[in-house]
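Reader: I'm new to this one, and I'd like a close look at a single part. Could you walk me through the place where the two chains meet?

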Amino acid sequence: MAMAPARRTTRGGIRKGEALSGWILSAPVLIALFVFLFLPILMTAWVSVSDYNGHGSPLSGKFSFVGADNYVAITSGGGLQEKIFGWSLRNTLWYVVLVVPIVTALSLFLAVIVNGRVLRGRGFFRTAFYFPSVTSSVAIIALWMFLFNASGVVNKMLSWIGIHGPVWFNDPQGIFTALLSGLGLKEAPAALANHGFLGVSWWSWIGGPSWAMTALMLQAIFCTSGTFMLLFIAGLQNLSPEVDEAAIVDGATAWQRFWHVTLPQLKPVLFTVVTLGIIGAWQMFDQVFSSTKGGPGNTTYTLAYRAYSASMIDGYWGQGMAVAFILFGIIILFTILQRFWLRDRPDMPRPPKKTKGVVPS
Amino acid sequence: MRKNLGKVWGAAAITLAVTLALAGCSKTTPSTTTAPPAPAPSTTAAPTTTAAPTTTGAPTSSAAPLTILFGSSGDAETNAIKAAAAAWTAKSGIPVTVTPATNMDQELAQGFASGKPADVFYISPGALAANADAGNLWAYGDMLPNKADFYPALVADYTYKGKFYAAPKDYGTLQLIINDDLWSKAGLTAADYPKTWDDLHNVAKKLTSGNVTGLVIGGQYERLGAFMVANGSNLMSVDQTKVTATDQSNVDALNFAKSMLADGSMKFAADISTGWGGEAFIKQLCAMTIEGNWISGAMKADAPNVKFTVVPMPASPTTGKQGTLEFSNGWGIAADSPNQQGALSLVEFLTTTEQQIAFAKAFGPTPSLQSGTAQFNSEFPAMKPFADGVAYAQGVPTIKGASTVLGDLNNQLAQLAKSDPAAILASTQTELQALLG
């Protein structure tokens with residue numbers, strides 16, 4: 001840190017060969033990154049523009065470049081491949097839009113509670129909330145299938161308050177569609193039912209996640225909020241109590257202190273949680289793989305599962321890798337966007353207007 | 001100086017590591033290097049790694065040990081296959097490794113992609129076309145000495161673009177399964193076993209009371225298709241060159257099913273929160289279901305006290321004929337196997353009548369050979385309708401991409417009660433037609 005920058009460029013004396021040592025010492029990581037990260041990405045990119053069919057290595061020279069054919073097949077033409085890709089995109093989008101904010105809010109809420117000084121037995125609750133995160137999500141899904149059975153525990157509990165629960169894992173109806181039909185709108189307006197995007201009608205796009213997907217979303221929320229709670233706790237414990245005390249002296253209420261003092265200071269943690277949440281949500285795979293496998297009515301296909309099923313099960317390797325590559329692009333795009341939204345704006349601590357431009361002493 | 005030496009060593013080690021890593025990534029090792037010289041005369045020079053011509057041409061031959069990859073239903077199946085493989089090894093002197101797969105499709109695909117697949121493996125008709133197109137399979141069917149003995153419907157399952165790829169291993173057909181107690185409780189006797197669809201509808205109505213539904217089946221083509229076959233059609237022609245989904249016979253078949261759904265004498269398994277017809281039958285939520293011979297294993301395990309009878313599928317009123325769907329499994333041999341000759345000999349051994357009867361006794365599959373059926377029926381008289389059904393059965397479409405189309409069809413069939421069968425079949429027609437190109 002304290003080193004003068006000019007020294008780095010000198011090639012002689014005691015610093016001689018430092019650059020080489022640096023390369024050598026970082027080589028294992030660089031090689032690992034290349035072999036396990038960049039190479040697979042490059043291979044995926046190649047397979048997605050080739051006619052690879054699963055026989056032998058994609059680099060064996062037997063396969064030819066087909067341009068954007070695979071991408072065209074899954075995004076146009078009105079065929080089944082386009083339709084399933086459309087459903088996968090729609091389902092994953094709903095999953096991200098609903099799971100990420102809920103998980104973030106819930107884990108922050110849990111962290112604040114567990115971190116509070118008034119709560120007795122904090123250690124117990126911390127462990128209890130974190131426990132689902134260390135349990136295998138496949139094991140929890142197996143449990144979920146029982147809980148959300150049509151005659152299972154969840155529907156039994158709903159029946160106590162007079163609600164006739166859905167057939168969760170077999171019900172392709174979107175929750176908003178169900179809500180609207182409960183309000184009397186049973187038939188889709190023709191404008192929405194007859195037009196659509198990627199082979200899926202607008203009515204289906206706005207219908208929300210199906211009951212099956214909702215059950216999977218609840219499982220994800222249950223499983224991941226503990227991990228993020230831990231990150232928030234770490235963030236909360238890093239905050240200096242003096243700032244909070246100063247706010248108390250200034251007469252701020254508890255809510256004001258949380259909203260205007262604590263939360264802005266947690267922004268780096270918030271960024272981490274939202275980034276990890278978004279990436280994890282877009283990559284949602286294992287729950288679908290171990291339960292519904294895309295059904296009912298295509299409503300639990302996610303992009304990651306579709307990439308797997310198109311290539312491994314159906315033998316459309318190029319199309320599967322095209323889905324994977326589109327997913328890769330989406331994740332990068334969302335991470336950049338969200339970095340942009342949560343960036344440190346120069347006016348972020350909102351200095352009073354009159355002092356704007358004045359360098360604080 | 002010492003420091004520099006260390007650096008040199010470090011650099012050398014890293015260069016070595018990079019080289020190893022890259023070598024590990026590239027596919028340069030020819031599959032024949034490990035195989036000892038071929039004893040049989042058929043090999044000239046060609047290893048089996050080239051793409052297109054592997055499905056024909058002379059089989060590879062070597063003393064290389066073989067592997068069998070299969071999706072096992074349980075210990076009984078695994079042990080039976082191990083015993084059969086050991087018996088063959090004793091005869092041939094070629095060691096065989098038997099590997100039950102945990103995720104068959106995926107492990108098979110990984111093997112093909114790596115260039116070192118299992119030599120012999122289970123293959124389902126649904127996986128045939130994609131793998132045959134990719135050049136993963138060796139089409140050895142015509143070399144089987146007992147080729148003519150396999151049931152024609154099964155040979156059709158494993159014939160793609162005119163080539164017979166794999167020996168059928170076993171099959172199951174859909175038949176009507178009846179709960180004896182519920183049957184007699186409704187005042188019905190053996191004389192009332194339905195002969196036609198109308199009979200079926202009538203007894204289903206009689207059997208429906210309380211929480212018991214007359215007939216519960218899976219709401220999917222793989223069950224409802226039996227009615228289409230009985231009506232004289234199916235989604236595709238038998239040789240799978242023509243799409244016939246919109247045939248009026250198919251629409252009529254679905255309309256019949258819809259009429260049974262309408263009066264509640266039939267329900268789909270998912271609608272009463274069960275995974276398949278068998279589960280509803282085990283829980284005695286229905287008096288009848290339409291399932292294959294696999295239900296007997298489930299009954300033995302989960303409902304040993306429920307007595308049931310298997311009766312043949314009722315006949316269609318329009319054609320007067322029975323119809324059902326048949327599901328089979330076969331033995332595939334990899335195009336990349338270094339010892340195809342040995343693999344073929346192993347498959348011949350595994351598909352002999354004696355061996356198939358031994359498998360039937362061990363874990364219940366129906367022999368795929370016509371010469372095995374008589375012995376199977378005398379051994380398992382209760383299963384006779386399943387075995388006999390192959391005479392009037394058809395397979396499900398297996399062209400590349402068909403499984404996705406069937407998945408989409410099943411999504412729509414699940415809502416059959418409130419949909420128009422003709423519209424459902426029209427979309428399937430379009431989707432299957434798109435696959436034929």
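Author: Here is a walk through the contact between the chains, with a short stop at a few residues of chain B afterwards.

First, some ground rules: this is a predicted model, where local features need pLDDT of at least 70 and side-chain atom pairs count only at pLDDT 80 or more, while totals for chains, interfaces and linings use all residues. Residues are numbered from 1 along each chain as its sequence is written, chains are lettered from A and ligands numbered from 1 in the order in which they are written, and side-chain values use heavy atoms, with hydrogens and water left out.

Now the meeting place. Chain A brings 39 residues to the contact and chain B brings 37 residues, where contact means heavy atoms within 4.5 Å. People often give the size of an interface as the accessible area lost when the parts come together. Here chain A and chain B bury about 2600 Å² between them, with 59% of it on carbon and sulfur atoms; that area is what the two parts lose on being put together, summed over both, using a 1.4 Å probe.

What about charges? The count between the chains is one salt bridge, meaning a side-chain nitrogen of Lys or Arg within 4 Å of a carboxyl oxygen of Asp or Glu. The partners are A:Lys83 and B:Asp408, whose closest N and O atoms are 3.1 Å apart. There are also 13 residue pairs in polar contact across the interface, both residues at pLDDT 80 or more. A polar contact is a pair of N or O atoms within 3.5 Å; within protein, one must be able to donate a hydrogen and the other to accept it, and residues adjacent in sequence count only if both atoms are side-chain atoms.

On the side of chain A that touches chain B, α2 (18-48), α4 (80-115) and α16 (303-313) each supply at least two residues. These helices are DSSP runs (H or I, at least four residues; strands are E, at least two), numbered from the N terminus. The largest share, eight residues, comes from α2(A). Sort that side by type and you get 20 nonpolar, 14 polar and five charged residues. Nonpolar covers Ala, Val, Leu, Ile, Met, Phe, Trp, Tyr, Cys and Pro, charged covers Asp, Glu, Lys and Arg, and the others, Gly among them, are polar.

Now for chain B itself. B:Thr324 sits in strand β12 (residues 324-333) and counts as buried, because its relative accessibility is 0% (buried is under 20%, exposed over 50%, partly exposed in between; 1.4 Å probe, protein chains only). A polar atom of the B:Thr324 side chain lies 2.7 Å from the backbone oxygen of B:Leu174.
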